[in-house]
Amino acid sequence: MRRYTRTLVAAALTTTVVAGTAGWASGSTQQAVSGAPVGAEAWRADGLPDPEGMTADEVAAFFGNVSAARQRELVRAHPSVVGNLDGAPLRLRFEANAKAAGPRYAGQRVLAFDPRGRGQIALVRGDLARARHIAVIVPGSDTDAGNSKPLTDMADALRHAAGDTTAVIAWAGYTTPVGVGLDAATGDLAEVGAERLTRLTDGLAAVGAPAPSLFCHSYGSVVCGLAAHDLKAKDIVVFGSPGMRAGSVAELNTSARVWAAKDPSDWIDRVPNVEFAGLGHGEDPTGAGFGARRVPADDARGHNGYFGAGTRSLRTFAAIARGDVR
């Protein structure tokens, strides 16, 4: 009974802290974007295989069995489908998304683009096709195609610190919460995001890319936690995390190495690590009992400061991405 009472008190405290941090009213409820990409009906009408029903390996096999001329035809006729098919050749996806995403992203390598809702996008820093190492940054709240600069700043910092052998994907590929409201306190959006993140890593594997290191910020760490058991990844690094919806690394059921960072000035430390009646995300990944490897972050500042120039956290992130840390 005492444990139950403590849980109720902690849940109430979670509500109070989140409300005090930004206010429930500051977060609007979001509808997760999922399902087949835009243009799928026209794709199917042309007698092409259902993009929603194909695995990433089946997508790779499909493109491997059509001629180069036919591939170019598909890009011209169905850019919004080809550009979002995990498992399709990278060069085709970049070409297709250059058409679908328009001039706003001219000159950038766009791995995925979905205009629905607030918009989703995945931008690549470096040469993804030739990279020896790949990092994927999974962001938290308020990130979308129209507000991706904080995410791409992280990607640019990591790419610069890790060097030319590492490509970085800035992955705004799921519907994130807006503000710090009920969406941020529950796992609903993260569950859909986990499916999309799993598909991303499946697609990288299908085209022969190295297994990535995932860097999961804030609510993005909830996405990574829910996806962990299915991810084709060598590392899962969480920072500024409210929890991963697991009580320990063992509960994540992953072969990836799990790392965690939290700087002493991060406001996330004021959010109690509980999960009750769908609210909260569970244990603190930086806690001693969780079992994650610790990333030093004492000189980082605030919730968004982990990629700050010269910080120990950024240097360690870069070493993890390069595979220099055993």
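Good morning. I shall begin with R245, which lies in the loop between β6, residues 235-239, and α11, residues 249-252. Please bear in mind throughout that this is a predicted model. The phi of R245 is near 60°, a positive value in a residue other than glycine. As general background, most residues other than glycine have a negative phi.

A second residue belongs in this part of the discussion. N253 is located in the loop between α11 and β7, the latter covering residues 257-261. Its phi is also positive, at about 55°, although N253 is not a glycine. Is N253 buried or exposed? With a relative accessible area of 57%, N253 is exposed, because the threshold for that class is over 50%.

I turn now to C224, a residue of helix α10, which comprises residues 219-227. The relative accessibility of C224 is 0%, so this residue counts as buried. Which residues does C224 touch, leaving aside those up to four places away in sequence? The contacts are with V138, L197, C216, L231, I236 and M244. There is also a distance to report for C224: G193 stands 31 residues away in sequence, and the C-alpha atoms of the two are 8.6 Å apart in space.

The next topic is a pair of helices. Helix α3 spans residues 56-64 and helix α9 spans residues 188-206; their axes come within 8 Å and cross at roughly 40°. That angle makes α3 oblique to α9, because the roughly parallel class is reserved for angles under 35 degrees. The crossing of these two helices is right-handed. On the α3 side, the contact is made by A56, D57, V59 and A60. On the α9 side, the participants are R199, D202, G203 and A206. What is the make-up of this contact by class? Between α3 and α9 there are four nonpolar residues, three charged residues and one polar residue.

Finally, a word on confidence. For the protein chain, the mean pLDDT is 92, and 91% of the residues reach 70 or more. Residues 1-25, however, have a pLDDT below 50. Beyond near neighbours in sequence, this stretch has 28 contacts in the model. How should such a region be treated? Where pLDDT is low, the predicted coordinates should not be read in detail.

To recapitulate: R245 and N253 both carry a positive phi without being glycine, C224 is buried, and α3 crosses α9 at roughly 40° with right-handed geometry. Thank you for your attention.

Technical notes
Residues numbered from 1 in each chain as written. Predicted model: local features only at pLDDT ≥ 70, side-chain atom pairs only at ≥ 80, totals over all residues. Heavy atoms only, no water. Axes fitted to C-alpha atoms, helices over the stretch in contact; angles between N-to-C directions. Helix = DSSP H or I, 4+ residues; strand = E, 2+ residues; numbered from the N terminus. Parallel < 35°, antiparallel > 145°, perpendicular 65-115°, else oblique. Left-handed = near helix turned anticlockwise from the far one by under 90°. Contact = heavy atoms within 4.5 Å. Nonpolar A, V, L, I, M, F, W, Y, C, P; charged D, E, K, R; others polar. pLDDT = per-residue confidence, 0-100. Buried < 20%, exposed > 50% of the residue type's maximum accessible area, 1.4 Å probe, protein only.
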